[in-house]
Amino acid sequence: MTDRPYPSRFLRFLGTAGARFTIIRQLRASGGLWLGLGDSSFVIDPGPGSLVRICEAQPPLDPMALSAILLTHRHIDHSTDLNVLTEAMTGGGFHHQGHVILPEDAVASPCCYLLPYLKEKIGALHVWKEGEAVTLPGKVTVRPVRLTHHRVDCFGFVAEVPEMAPFGLISDARFEERWLDFYRDCPLLVVNMTLPHRCEGIDHLCPADVARIIATLEPRQILLTHLGRGVLMSGAEEVAASLTTGGTRVIAARDGMVIDLETYETWETQARFEPALSPDRV
Ligand SMILES: [Zn+2]
Ligand SMILES: [Zn+2]
């Protein structure tokens, strides 16, 4: 544990829970990722508790300092805090500012996941389209790739920041060779690995899929997150260790973990959050 300051470019895991039961029982915290790039800040997939995890973070994070919110897909474990964080980003609705990126079916489905009054308040609403990069404050360019995930529009992305190696996020997905090459230039990957084993018909990644990613791309480091109950019961750290190779270090992210996006050093922070139940009691 440390209260060392955030580096200039970092990711903080607000929560590392994935899929319904880990989140409903808060076996791990949920809430997505905070991305800090100098003066610009972003939240990716603000699921349940995202605002609370931001407000309790040490060192502090300021939800009113957000520049953009990115939603990979509309599932409830990724989207519940979208509106309250948009309210924060727009200074309680008083300032017309900030970007939101959503998939098409989160904007145009029977209900828009972003409430109409907030849609009016933000600076820009973007819809993910494969092959169309979005440039955000902080000079970050986000390039999306379509993933297959239970019949919703779902996107992973590569974030390109000047004078820094790009990093990639592989969100909830069925493994497909199709998108592997998209992440070819990323020495750092954040991977939503929710399942402990392949489960036919379930569009989530498992350790065998991560092993294929490593065999093909050999990234320098992989951070596993969005961990399901089965992964936690198997021991996420043990799973990560078993996937580590000579060329690729695999780390199971923990709630409140920070990674320096330039050195790839990771460390844990003071967190008030205590998981409600241990996996073996479920
Ligand atoms: Zn999910
Ligand atoms: Zn999902």
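Trainee: Taking two residues to be in contact when their C-beta atoms, placed from the backbone, lie within 7 Å, what do the buried residues of helix 9 pack against?

Mentor: In this predicted model, they pack against helix 7 (207-217), strand 12 (221-225), helix 8 (229-234) and strand 13 (249-252).

Trainee: And which residues of helix 9 are buried?

Mentor: Helix 9 covers residues 236-243, and A236, V239, A240 and L243 are the buried ones. They lie on the same side of helix 9, because the arc they cover around the axis is only 100°. On the other side of the helix, E238 and S242 are exposed.

Trainee: How does helix 9 sit on the sheet?

Mentor: The sheet itself is open and has seven strands in the order 7-8-9-10-11-12-13, with mixed pairing. Its edge strands are strand 7 (134-136) and strand 13, each of which pairs on one side only, and the twist from one strand to the next averages 25°. Helix 9 packs on this sheet by touching strand 12 and strand 13, and its direction makes about 170° with that of strand 13.

Trainee: Let's go to the other edge, then. How do strand 7 and strand 8 pair?

Mentor: Their pairing is antiparallel, over three bridges, and T135 stands opposite T141 in strand 8. The hairpin that they make has three residues between the strands, and within it G138 takes a positive phi near 85°.

Trainee: What about strand 8 and strand 9, how many bridges there?

Mentor: Strand 8 (residues 140-149) pairs with strand 9 over nine bridges, again in the antiparallel sense. Two of the partners in strand 9 are V152, which is bridged to H149, and F155, which is bridged to R146. This hairpin has two residues between its strands, and H150 in the turn has a positive phi of about 45°.

Trainee: Switching to the interior, how many residues has the largest nonpolar core?

Mentor: The largest core counts 83 residues, and I69, V191 and L224 are those with the most contacts inside it. Strand 9, residues 152-160, gives the most to this core, with five residues. As a general background, nonpolar side chains tend to be buried together in soluble globular proteins.

Trainee: Which residues does L224 touch?

Mentor: Leaving aside residues up to four places away in sequence, L224 touches V191, M193, A236, A240, V250, I251, A252 and A253. Among these, A236 and A240 are also buried residues of helix 9.

Trainee: Now S171: is it buried or exposed?

Mentor: S171 counts as buried because it has 23 C-beta neighbours inside 10 Å, where the cut-off is 20 or more. It is placed in the loop between strand 10 (167-170) and strand 11 (188-192).

Trainee: What does S171 touch?

Mentor: Again not counting residues up to four places away in sequence, it touches T72, H73, L147, C154, F155, G156 and N192. The C-alpha atoms of S171 and M193 are separated by 8.5 Å, although the two residues are 22 apart along the chain.

Trainee: Last one, the whole chain: what radius of gyration does it have?

Mentor: The chain has 17 Å, which agrees with the value near 19 Å that a compact globule of 282 residues would have. Its C-alpha trace spans about 50 × 40 × 40 Å along the principal axes, and 49% of the 282 residues count as buried. The secondary structure comes to nine helices and 15 strands. Of the contacts with a separation of 6 or more, 61% come from residues 24 or more positions apart.

Note on methods: Residues numbered from 1 in each chain as written. Chains lettered and ligands numbered in written order. Predicted model: local features only at pLDDT ≥ 70, side-chain atom pairs only at ≥ 80, totals over all residues. Core = buried A, V, L, I, M, F, W, Y, C linked by C-beta atoms within 7 Å. Buried ≥ 20, exposed ≤ 12 C-beta atoms within 10 Å, placed from the backbone. Helix = DSSP H or I, 4+ residues; strand = E, 2+ residues; numbered from the N terminus. Arc of directions from axis to C-beta. Rg over C-alpha atoms; globule rule 2.2 N^0.38 Å. Pairing = 2+ DSSP bridges. Axes fitted to C-alpha atoms, helices over the stretch in contact; angles between N-to-C directions.
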